[in-house]
Amino acid sequence: MFFSKFERLAARRYLHAKRKEGFISVITGFAFTGIALGVATLIIVMSVMNGFRAELLGRILGINGHIGIQAPPNQPFNNYRQAVAEMEKFNHVKIVLPLIEKQLLASSGRSSEGVMLRGISAADLQKKEILRDAVNSVDLADFEGDNILVGSRLAQKMGLRVGDELTLISPNGKITAFGTVPRMKTYQVIGTFEVGMFEYDANYIFMPLEAAQKFFSMPDAVSQIDITLDDEKVLLPAKSAISESIGGAGYVYDWKQTNAAFFNAVDVERNVMFLILTLIILVAAFNIITGLIMLVKDKGRDIAVLRTMGATKGMIMRIFFLDGAFIGVVGTFIGVVLGVLFCFNIENIRQLLQKMAGRDLFSAEIYFLSQLPAKVEVTEVAVVAGMSLLLCFLATLYPAYRAARFDPVEALRYE
């Protein structure tokens with residue numbers, strides 16, 4: 001074994017401070033606590049950032065596809081059924097949805113809001129799991145004709161209930177001798193949906209595809225086609241193959257292009273938080289250096305006695321290295337346990353703190369999601385733990401080296 005029984009025994013004795021060495025014990029306690037809290041905080045923050053990104057991505061891809069094909073202005077896809085059939089034959093293509101998506105003004109008589117209308121068939125609505133779960137309280141057999149589904153938060157803002165009527169107004173209306181007349185039609189709300197992402201729940205309305213085609217004067221046509229893949233890793237080759245197949249008939253884009261700025265901001269924030277919180281562990285590691293240096297000074301006579309009894313410099317160095325390593329290993333272990341347990345119960349903790357504070361601590365309007373997510377990555381936890389141990393081990397080298405170079409003659413002379 002690398003450490004002898006004598007070295008382990010001496011290191012354990014030095015960790016138990018006597019009454020006169022209480023100040024050293026306090027410094028050691030601060031170092032131990034700092035490492036545990038630093039590791040736990042870093043794991044929690046990184047897991048929350050991972051969960052935030054994963055949840056947003058899941059919601060975005062739950063509503064939209066990995067790849068979208070947008071029709072040229074004023075040139076809708078008239079042969080969309082044939083296009084959908086051809087797209088479904090591509091490798092790794094899982095779901096192909098023909099859609100009509102336009103911005104409108106919605107008026108309930110009590111209030112008006114700008115909304116995004118999506119025309120989609122009831123059968124296609126059920127193909128995506130998130131959409132299917134979002135409308136599970138609605139009988140989709142009624143999703144036809146002049147019936148619509150409204151986002152839950154939009155319904156709340158406009159004071160809408162099931163059975164109420166909602167007037168939709170499109171600025172791109174009919175051209176008459178007196179100018180352009182906006183399209184306007186009243187629809188009945190048959191239910192609400194909630195996907196768990198504020199942007200969709202507060203702005204989207206779903207309408208049967210046939211009704212949308214009629215409203216926008218697009219008979220048997222759609223404005224875009226959404227494609228969902230079975231593996232995101234093939235996004236680029238799949239997009240390239242689809243672009244080549246349609247030529248210039250439409251604009252092909254992917255989810256990364258439409259959400260690039262947002263996810264880049266999330267990634268930058270995640271990296272900055274990692275660097276900032278790493279400083280907590282670094283400060284705790286400096287506390288280990290301080291505590292061990294003071295311990296070496298205090299144990300000068302003991303070191304001199306051990307040296308005169310035959311202890312080598314290597315043995316003295318390993319004794320003090322063990323003291324610092326013990327603080328680092330145990331502190332890191334407790335930090336990992338605390339961090340992982342906190343992540344697994346983070347939503348319950350948020351609810352408890354929210355009740356105690358009496359205010360909303362995770363506003364969906366600001367953070368887009370209705371629940372605080374956390375996704376623990378095993379690899380990431382291992383990296384954090386490894387980094388913490390490395391810093392702690394490095395912090396013990398200088399004090400241990402000083403202890404090994406301690407001159408026993410000088411120590412005994414001044415005692």
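This text walks through a predicted model of one protein chain, from its overall make-up to its helix contacts, salt bridges and a few single residues.

The protein chain has 415 residues, and 47% of them are buried. Its secondary structure comes to 17 helices and nine strands. The surface that the chain exposes is about 22,000 Å², with 58% of that area supplied by carbon and sulfur atoms. Contacts can also be sorted by how far apart the partners lie in sequence. Taking contacts between residues at least 6 apart, 79% join residues at least 24 apart.

Helix α13 is a convenient place to start, and it spans residues 313–344. Two other helices are described here by how they cross α13. Helix α11 covers residues 260–298, and its axis comes within 11 Å of the axis of α13, at a crossing angle of roughly 145 degrees. This crossing is right-handed. On the α11 side the residues that meet α13 are Ile288, Leu292, Leu295 and Val296, and their counterparts in α13 are Phe320, Asp323, Gly324 and Ile327.

Helix α12, made of residues 300–308, also crosses α13; the two axes come within 10 Å, at an angle of roughly 140 degrees. The contact involves Ile303, Leu306 and Arg307 from α12, together with Lys313, Ile316, Ile319 and Phe320 from α13. The crossing of α12 and α13 is right-handed as well. Phe320 therefore appears on the α13 side in the contact with α11 and again in the contact with α12.

Further along α13 is Ile334. What does Ile334 form together with Phe333, Val337, Leu338 and Leu341? These five residues make a nonpolar surface patch of about 440 Å². Ile334 has a relative accessibility of 31%, so it counts as partly exposed. A residue must have over 30% relative accessible area to be part of such a patch, and the 31% of Ile334 satisfies that condition.

Pro399 gives a view from another helix, α16, which runs over residues 378–404. Is Pro399 buried or exposed? Pro399 is buried, because its relative accessible area is 0%. Leaving aside residues up to four places away in sequence, Pro399 touches Ile289, Leu292, Ile293 and Val296. Two of these, Leu292 and Val296, are also among the α11 residues that meet α13. Pro399 can be placed relative to Phe321 too: the two are 78 residues apart in sequence, while their C-alpha atoms are 8.0 Å apart in space.

The next topic is charged pairs. Side chains of opposite charge can pair when their charged atoms come close. The structure holds eight salt bridges, and three of them are described below.

One salt bridge joins the side chains of Arg110 and Asp164, with an N to O distance of 3.7 Å. The pair links distant parts of the chain, since Arg110 is in the loop between β2 (93–107) and β3 (112–119) and Asp164 is in the loop between α6 (152–158) and β5 (165–176), 54 residues apart. Arg110 counts as exposed because its relative accessibility is 58%. Asp164, at 24%, counts as partly exposed.

A second salt bridge is formed by Lys185 and Asp146, whose closest N and O atoms are 3.5 Å apart. Here too distant parts of the chain are linked: Lys185 is in strand β6 (residues 179–193), and Asp146 is in the loop between α5 (129–134) and β4 (147–151), 39 residues apart. Lys185 is partly exposed because its relative accessibility is 28%. Asp146 is also partly exposed, with a relative accessible area of 38%.

The third salt bridge is between Lys239 and Asp254, and its closest N and O atoms are 3.1 Å apart. Lys239 lies in helix α9 (residues 235–246) and Asp254 in strand β9 (residues 251–254), so this pair ties together parts that are 15 residues apart in sequence. Both Lys239 and Asp254 are buried.

The last residue is Ala85, found in helix α3, which runs over residues 80–87. Ala85 counts as partly exposed because its relative accessibility is 35%. Ala85 and Val96 are eleven residues apart in sequence, and their C-alpha atoms are 8.5 Å apart in space.

Definitions and conventions. Residues are numbered from 1 along each chain as its sequence is written. This is a predicted model: local features need pLDDT of at least 70, side-chain atom pairs count only at pLDDT 80 or more; totals for chains, interfaces and linings use all residues. Side-chain values use heavy atoms; hydrogens and water are left out. Patches are made of residues with over 30% relative accessible area and no salt bridge: like charges are joined within 9 Å, nonpolar side chains (Val, Leu, Ile, Met, Phe, Trp, Tyr) within 5 Å. Accessible areas come from the Shrake-Rupley method with a 1.4 Å probe; for residues, only the protein chains shown count as cover. A salt bridge is a side-chain nitrogen of Lys or Arg within 4 Å of a carboxyl oxygen of Asp or Glu. Helices (H or I, at least four residues) and strands (E, at least two) are DSSP runs, numbered from the N terminus. Buried means under 20% relative accessible area, exposed over 50%, partly exposed in between (1.4 Å probe, protein chains only). Axes are lines fitted to C-alpha atoms, for helices over the stretch in contact, and angles run from 0 to 180 degrees between N-to-C directions. A crossing is left-handed if the near helix is turned anticlockwise from the far one by less than a right angle, and right-handed if clockwise. Contact means heavy atoms within 4.5 Å.
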